[in-house]
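This report goes through one protein model, beginning with its pocket and moving on to the chain as a whole and to a few chosen residues. Please keep the sequence and the structure in view while reading.

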Amino acid sequence: MKKPKTTAMIGTLLCLDGRQRLVFILGEVFGVSDEVGAEIAEVTPVNFRQILSRARRDLYEYLRDNCSLVNAENACKCARKTRAFIQAGFVDPVKLEFTQAHARRVREVAAQRIPDLIDAYMQLGASVYRDQPFYEPSEHLAALRRVAGSFSL
């Protein structure tokens, strides 16, 4: 079971529009580069950075001005903020969590996007490997030749 603070913080992402939410999760949560994030979001790297900057600002302003978890003087507005999602049947009005049907739909859409996300993840992993300061291509080439030599092709 999720802790109330975690659920509330996840819910705050709803103050962002869909594109900002995607870019924020890619850039801030997963830490993907602007090149990889731009490819997934289907924008330019410059646009990706701009969207991420605006999403951070919007999220910060929302939390500072509205969230009781950030500022105890604020009243909790989660139910009001999610009213449209409740009316659409995406959020359970009692628990203020996504309904099972909505969560299932998200999993279905995510499953369709998995190949793209795996490609982006592999590109990110390869770039981290290439960019690390101890990478010596000649050392790796010799090791690869030794390993490849042990296989019969």
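The lining of the largest pocket in this predicted model is made up, by class, of 17 nonpolar, two polar and three charged residues. About 1100 Å³ of space lies in this pocket, and among the 22 residues that line it, Arg 21, Leu 22, Ile 25, Val 106 and Ala 110 lie nearest its centre. The elements that give two or more residues to this lining are helix H2, which covers residues 18-29, and helix H7, which covers residues 100-131. Of the lining as a whole, the largest share is that of H7, which supplies eight residues.

The chain that holds this pocket contains eight helices and two strands, and read from the N terminus its elements follow the order α-α-α-α-α-α-β-β-α-α. The table below gathers values for the whole chain.

| Property of the protein chain | Value |
|---|---|
| Buried share of the 153 residues | 23% |
| Share of contacts with a separation of 6 or more that join residues 24 or more positions apart | 45% |
| Exposed area | about 11200 Å² |
| Part of the exposed area supplied by carbon and sulfur atoms | 58% |

Helix H3, which runs over residues 34-41, is mostly covered, since six of its eight residues are buried. The buried residues of H3 are Asp 34, Val 36, Gly 37, Ala 38, Ile 40 and Ala 41. Just after H3 comes Glu 42, whose phi is positive, at about 60°.

A further residue to look at is Arg 56, which lies in helix H4, the element that spans residues 45-66. Is Arg 56 buried, exposed or partly exposed? Arg 56 counts as partly exposed because its relative accessibility is 40%, a value that falls between the limits of 20% for buried and 50% for exposed.

Which residues does Arg 56 touch, once those up to four places away in sequence are left out? They are Phe 24 and Glu 28, and with Glu 28 there is a polar contact from side chain to side chain, at 2.6 Å. The C-alpha atom of Arg 56 is also separated by 9.9 Å from that of Val 23, although these two residues are 33 residues apart along the chain.

How values were computed:
Residues are numbered from 1 along each chain as its sequence is written. This is a predicted model: local features need pLDDT of at least 70, side-chain atom pairs count only at pLDDT 80 or more; totals for chains, interfaces and linings use all residues. Side-chain values use heavy atoms; hydrogens and water are left out. On a 1 Å grid over the protein atoms alone, a cavity is a set of points where a 1.4 Å probe fits but cannot get out, and a pocket is an open set with protein on both sides within 12 Å along at least five of seven lines; lining residues have an atom within 4 Å of a point. Grid points are joined across faces, edges and corners, and a volume is the space filled by probe spheres set on the points. Helices (H or I, at least four residues) and strands (E, at least two) are DSSP runs, numbered from the N terminus. Ala, Val, Leu, Ile, Met, Phe, Trp, Tyr, Cys and Pro count as nonpolar, Asp, Glu, Lys and Arg as charged, and the others, Gly among them, as polar. Buried means under 20% relative accessible area, exposed over 50%, partly exposed in between (1.4 Å probe, protein chains only). Contact means heavy atoms within 4.5 Å. Accessible areas come from the Shrake-Rupley method with a 1.4 Å probe; for residues, only the protein chains shown count as cover. A polar contact is a pair of N or O atoms within 3.5 Å; within protein, one must be able to donate a hydrogen and the other to accept it, and residues adjacent in sequence count only if both atoms are side-chain atoms.
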